[in-house]
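Here is a short tour for someone meeting this structure for the first time. Have a look at the sequence and the model, then read on.

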Amino acid sequence: MKYWLILLGLLFTSLSQGASMRCGSSLITSDDHSSEVQSKCGEPATRVFLGYREVIDAYGGTTQVPIEEWSYGPRNGMYYYLRFEANRLTKVESKRGS
C-alpha cells in the first residue's frame, strides 16, 4: 500500500507542475502573461510568430489569438521553448543541447 501511495504522489506532482521554468530566483508558470515572463527571464534568444488559433467563447463567438514561441538558452546545457497563446504561457519544453 505504501508503494502505491508514493507512486500516486509522484504522478500527482508531475501532473500538477504543468508549464513551469525557473529564471534565476523567479519561477514562471502556466498562464503567466508574456510581459511577466520577459521581466523575470529577460529578452528571449528567439521569438517566432507561429500564426493564429481560433477560440470560441462561452457565447459561441470566435476570436483569433496569436501564437508565439520563445526560446532561451543554453542554460546549463538546456534549451527552453515557451509557447504563448493570447500572450499567456501555455507550454514549456526543454531539450538538451547537442
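## The sheet

Let's start with two strands: β3 and β4 pair in the antiparallel sense, with 10 bridges between them. One such bridge matches V55 with T63 in β4. Keep in mind that this is a predicted model.

Zooming out, the pair belongs to an open sheet of 4 strands, ordered β3-β4-β5-β6, with antiparallel pairing. The edges are taken by β3 (46–56) and β6 (88–96); each has a single partner strand, so one side of each is left without a neighbour in the sheet. Going from one strand to the next, the twist averages 20 degrees. There's a helix to place as well: α2 lies across β3, β4 and β5, and runs at about 10 degrees to β4.

## A little hairpin

Away from that list of four, β1 and strand β2 (residues 26–29) make their own antiparallel pairing over 4 bridges. Their hairpin has 2 residues between the strands, and G24 takes a positive phi there, near 65 degrees. Across the pairing, M21 stands opposite I28 in β2.

M21 has plenty of company. Setting aside residues up to four places away in sequence, M21 touches S26, L27, I28, C41, Y72, R75, Y80, L82 and V92.

## The nonpolar core

Which residues make up the largest nonpolar core? There are 10 of them: M21, C23, I28, V37, C41, W70, Y72, L82, F84 and L89. At least two residues of this core come from each of β1 (20–23), α2 (34–41), β4 (62–75) and β5 (78–85). As a bit of background, nonpolar side chains in soluble globular proteins tend to be buried together.

## One disulfide

How many disulfides does the structure hold? Just 1, and the link joins C23 to C41, with an S to S distance of 1.8 Å. C23 sits in strand β1 and C41 in helix α2, so the pair ties together parts that are 18 residues apart in sequence. The link of C23 and C41 is right-handed, with 80 degrees about the S-S bond.

Are C23 and C41 buried or exposed? Both C23 and C41 are buried. The two cysteines also appear in the list of core residues above.

## E85 and P66

Over in strand β5 you'll find E85. Is E85 buried or exposed? E85 has a relative accessible area of 15%, and the cut-off for buried is under 20%, so E85 counts as buried. The E85 side chain makes polar contacts with two arginine side chains: R53 at 2.7 Å and R83 at 3.3 Å. Not counting residues up to four places away in sequence, E85 touches R53, P66, I67 and T90.

One of those contacts, P66, lies in strand β4. P66 has a relative accessibility of 31%, so this residue counts as partly exposed. Leaving aside neighbours within four places in sequence, P66 is in contact with F49, G51, Y52, F84, E85 and A86. F84, in that list, is also a member of the nonpolar core. Finally, P66 and N87 are 21 residues apart in sequence, while their C-alpha atoms are 7.4 Å apart in space.

Conventions:
Residues are numbered from 1 along each chain as its sequence is written. This is a predicted model: local features need pLDDT of at least 70, side-chain atom pairs count only at pLDDT 80 or more; totals for chains, interfaces and linings use all residues. Side-chain values use heavy atoms; hydrogens and water are left out. A nonpolar core is a set of buried Ala, Val, Leu, Ile, Met, Phe, Trp, Tyr and Cys residues joined through side-chain atoms within 4.5 Å. Buried means under 20% relative accessible area, exposed over 50%, partly exposed in between (1.4 Å probe, protein chains only). Contact means heavy atoms within 4.5 Å. A polar contact is a pair of N or O atoms within 3.5 Å; within protein, one must be able to donate a hydrogen and the other to accept it, and residues adjacent in sequence count only if both atoms are side-chain atoms. A disulfide is a pair of cysteine sulfur atoms within 2.5 Å. Two strands pair if DSSP finds at least two bridges between them. Axes are lines fitted to C-alpha atoms, for helices over the stretch in contact, and angles run from 0 to 180 degrees between N-to-C directions.
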